[in-house]
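Subject: Structure handover and findings

Dear colleague,

I am handing over the structure below, together with an account of what was found in it. Please keep it open beside this message as you read.

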Amino acid sequence: MLRRNATFFVLLSIAVAAGAALFLLRGPDAVLTALGTAGGLLLVVLPAMMAGLLLAGSLKQLIPPGALAGWMGSRSGIRGLLVATLAGLLTPGGPMAAFPLVLVLAQAGADRGAIICFIVSWALNGLQRVLVWEVPLLGADFALLRFLCGLPLGLLAGLLARRIPISWTPPDTPPPGHRA
Amino acid sequence: MTASQILLVVLSLGAFALALRRGLPAGQRALRDTGQSLVRVIPLMLVAIPMATFLSQLIPPAIAAAWLGPDSGAAGILLATAAGGFIPGGPFVSFPLVLTFIKAGAGAPQMVALITAWAILGLHRVLSWELPVLGPRFAVLRLLSGAALPVLAGLLAEALLPLFPHALLRP
């Protein structure tokens with residue numbers, strides 16, 4: 001709750017500072033132009049965002065979390081990385097949902113290549129974020145180009161991670177604050 | 001409404017219908033989840049979008065076009081990768097910012113690299129989530145595995161760009 005409000009106030013103060021700078025440097029007309037652009041953009045973005053959030057909320061009811069952990073063990077090879085990529089795409093929510101899930105996957109036996117593949121896939125191509133933010137704000141063509149360029153990266157990161165000689169075992173106890 | 005928005009609405013209503021078929025409680029949970037997300041996201045949108053349009057009026061187009069423009073090539077992709085790693089915050093910060101850069105004349109491959117770097121290498125996420133939840137060894141391991149990927153994505157986008165002639169146009 002505190003984090004959310006902090007974000008809001010940081011954004012608000014940047015917006016106010018930028019608006020004031022614009023007013024001083026370019027005059028009131030530039031501020032009005034910018035506000036008009038912002039209003040038009042909001043009208044385009046809001047309906048798409050409501051639809052995207054409804055899609056995410058419904059998918060969450062349809063896909064059981066953690067059902068894929070068994071597919072991502074250390075001998076899972078390329079198939080494990082493909083499953084991890086797919087799971088990352090479908091995992092909704094921000095880091096407060098994804099990183100605790102990563103811990104669950106690791107403790108359930110997923111290897112580090114699959115875990116890193118999952119994180120990269122989720123962070124880069126999580127469908128919820130693509131649908132809610134990227135398509136409405138940047139347009140479907142750019143979003144598709146970006147998505148396609150990102151699609152193989154989880155697999156690459158996973159393959160690399162399996163070769164880097166740093167040993168790692170998942171922490172045993174759930175971290176404080178994971179309930180957020 | 002554009003075709004992509006109509007598709008999104010159809011998809012979301014379809015998924016909601018499937019959730020409803022699981023029973024009324026599942027449908028209610030889906031709606032409650034959607035409502036909670038909206039309550040969280042809408043205030044952020046209301047300040048983030050004016051912030052982006054104010055900033056876009058302040059950034060001289062020539063600078064963005066010269067450093068990150070379509071002709072900036074691999075150097076622009078490297079610069080965008082470095083910049084992306086330092087953009088703090090969630091999608092409500094990064095995507096309006098990218099929109100600002102695009103309006104100021106940035107190129108599509110450079111913006112692909114920027115978004116990829118923000119998502120994979122974003123320092124704020126490593127420090128506030130990965131380090132506390134999974135530990136420093138894991139964070140180093142993952143950063144090493146991912147370090148080169150944003151540049152790769154940018155170069156890939158440069159190669160694919162001819163297939164996406166409308167990638168930088170607002171619908």
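What follows goes from chain A as a whole to its contact with chain B, and then to a few single residues.

Please bear in mind throughout that this is a predicted model.

**Chain A as a whole**

The secondary structure of chain A consists of eight helices and zero strands, so that, by the definition of helices and strands used here, the order along the sequence reads α-α-α-α-α-α-α-α. Of the 180 residues in chain A, 50% are buried. Among contacts in chain A with a separation of 6 or more, 74% link residues that are 24 or more positions apart. The area that chain A exposes is about 8,400 Å², and carbon and sulfur atoms supply 71% of it.

**Where chain A meets chain B**

The contact between the two chains draws 82 residues from chain A and 82 residues from chain B, and together the chains bury about 7,600 Å², with 80% of that area on carbon and sulfur atoms. Zero salt bridges are counted between chain A and chain B, while two residue pairs are found in polar contact across the interface, both at pLDDT 80 or more. On the side of chain A that touches chain B, the elements giving two or more residues are helix H1 (2–26), helix H2 (28–62), helix H4 (95–107), helix H5 (112–125), helix H6 (127–138), helix H7 (140–150) and helix H8 (153–163) of chain A. H2(A) gives the most to this side, with 26 residues. By residue class, the side of chain A that touches chain B divides into 63 nonpolar, 10 polar and nine charged residues.

**Helix H6 of chain A**

H6(A) is mostly covered, since 10 of its 12 residues are buried by the cut-off of under 20% relative accessible area. The buried residues in H6(A) include A:Arg129, A:Trp133 and A:Glu134. Just after H6(A), A:Gly139 takes a positive phi of about 95 degrees.

A:Leu127 also has its place in helix H6 of chain A, but with a relative accessible area of 29% this residue is partly exposed. Not counting residues up to four places away in sequence, A:Leu127 touches A:Leu89, A:Leu90 and A:Phe147. A:Phe147 is 20 residues from A:Leu127 along the chain, and the C-alpha atoms of the two are separated by 9.4 Å.

**A serine in helix H5 of chain A**

A:Ser121 is found in helix H5 of chain A, and counts as buried because its relative accessibility is 3%, where buried means under 20%. A polar atom of the A:Ser121 side chain lies 2.7 Å from the backbone oxygen of A:Thr85. Leaving aside neighbours within four places in sequence, A:Ser121 is in contact with A:Ala84, A:Thr85, A:Gly88, A:Leu89 and A:Gly126.

**A leucine on the chain B side**

B:Leu156 has its place in helix H9 (residues 149–160) of chain B, where a relative accessible area of 34% makes this residue partly exposed. Not counting residues up to four places away in sequence, B:Leu156 touches A:Cys149 and A:Pro152. B:Leu156 and B:Val112 are 44 residues apart in sequence and 9.2 Å apart in space, taken from C-alpha to C-alpha.

With best regards

Notes:
Residues are numbered from 1 along each chain as its sequence is written. Chains are lettered from A and ligands numbered from 1 in the order in which they are written. This is a predicted model: local features need pLDDT of at least 70, side-chain atom pairs count only at pLDDT 80 or more; totals for chains, interfaces and linings use all residues. Side-chain values use heavy atoms; hydrogens and water are left out. Contact means heavy atoms within 4.5 Å. Buried area is the accessible area (1.4 Å probe) that two parts lose on being put together, summed over both. A salt bridge is a side-chain nitrogen of Lys or Arg within 4 Å of a carboxyl oxygen of Asp or Glu. A polar contact is a pair of N or O atoms within 3.5 Å; within protein, one must be able to donate a hydrogen and the other to accept it, and residues adjacent in sequence count only if both atoms are side-chain atoms. Helices (H or I, at least four residues) and strands (E, at least two) are DSSP runs, numbered from the N terminus. Ala, Val, Leu, Ile, Met, Phe, Trp, Tyr, Cys and Pro count as nonpolar, Asp, Glu, Lys and Arg as charged, and the others, Gly among them, as polar. Buried means under 20% relative accessible area, exposed over 50%, partly exposed in between (1.4 Å probe, protein chains only). Accessible areas come from the Shrake-Rupley method with a 1.4 Å probe; for residues, only the protein chains shown count as cover.
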